[in-house]
Amino acid sequence: MKLSIKTMLMILIIPASINAEEINYDYLDTNYWSHKLSGQAGIASSTYDGYRVSLSKAISKNIHVLASYIDADKSNRDAVVSKSLGFGINYPIDKKTDFVFEYSHLNVVHSYPRLGNINLKTLINSIESKIKHQLSDDIELMAGLIRNDHTSSSILYYGYSASVKYKVNDNFSINYEMQSIKDSKVVNTADIATNELGVSYSF
């Protein structure tokens, strides 16, 4: 009986103390950011283009904090600025694979100079559950599911994400990420497709 209890404790404790060996949660990303809105009846598709800077910092073996800043605009001068803070929890599946849960609170401001400099503020609670996998020494893959809840309205987006990161050297990587989300509640809101390409610095 004592042996069984010790064995069960080992099974529970050991995985929680080991991360996937090569997956890093200390990094700074600087990306080109493209955000396409489409699918609204009577409204032409449009795209915001700009940049996104994001930071991840591990504060323990299984917890990291998150922050990001986005600045982008359309060809008609409509603009968006987004600031976010959050946290993530990573749990090892094996030595090369982590399950990751991340929560972020976004403060998003849309500006419309052509309508008399109207500014609209939106608060969003974003949850992403994903799998990160170290495919090789140089390549890291990610696939995830997204839930974005707009706090002041009925808008609720669901979708998916995927990314690939190619390691150039010990500190720098090239990364690409895409997201696709759709509103599950409100009729005629835009479908959103986001693409990012940039450089990641690991520290």
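This passage walks through the fold, the strand pairing, the core and one pocket of a predicted model. Local features are taken at pLDDT of at least 70 and side-chain atom pairs at pLDDT 80 or more, while totals for chains, interfaces and linings use all residues. Residues are numbered from 1 along each chain as its sequence is written, and side-chain values rest on heavy atoms, with hydrogens and water left out.

The protein chain holds one helix and 10 strands; helices (H or I, at least four residues) and strands (E, at least two) are DSSP runs, numbered from the N terminus. Along the sequence, the elements follow the pattern α-β-β-β-β-β-β-β-β-β-β. Of the 203 residues, 36% count as buried, where buried means under 20% relative accessible area, exposed over 50% and partly exposed in between (1.4 Å probe, protein chains only). Among contacts (heavy atoms within 4.5 Å) with a separation of 6 or more, 51% link residues 24 or more positions apart.

Strands are said to pair if DSSP finds at least two bridges between them. Strand 8 (residues 156–167) and strand 9 (residues 172–183) pair in the antiparallel sense over 11 bridges, and four residues lie between them in a hairpin. Val164 has Tyr176 of strand 9 as its bridge partner. Strand 9 also runs antiparallel to strand 10 (residues 191–202), joined to it by 10 bridges; here Ser180 stands opposite Ala193 of strand 10.

A nonpolar core is a set of buried Ala, Val, Leu, Ile, Met, Phe, Trp, Tyr and Cys residues joined through side-chain atoms within 4.5 Å. The largest such core has 16 residues, of which Trp33, Tyr48, Val80 and Tyr157 touch the most other members. Strand 1 (27–38), strand 3 (63–73) and strand 5 (97–112) each supply at least two residues of this core, and the largest share, three residues, comes from strand 5. Beyond its neighbours within four places in sequence, Tyr48 is in contact with residues including Trp33, Leu37, Ala72, Val80 and Tyr112.

A pocket is an open set of points on a 1 Å grid over the protein atoms alone, with protein on both sides within 12 Å along at least five of seven lines; lining residues have an atom within 4 Å of a point. The second largest pocket encloses about 240 Å³ of space. Its lining counts 16 residues, and Glu22, Asn24, Lys167, Ser173 and Ser202 are the closest to its centre. Strand 7 (139–150), strand 8 and strand 10 each give at least two residues to this lining, which divides into two nonpolar, seven polar and seven charged residues.

How values were computed. On a 1 Å grid over the protein atoms alone, a cavity is a set of points where a 1.4 Å probe fits but cannot get out, and a pocket is an open set with protein on both sides within 12 Å along at least five of seven lines; lining residues have an atom within 4 Å of a point. Grid points are joined across faces, edges and corners, and a volume is the space filled by probe spheres set on the points. Ala, Val, Leu, Ile, Met, Phe, Trp, Tyr, Cys and Pro count as nonpolar, Asp, Glu, Lys and Arg as charged, and the others, Gly among them, as polar.
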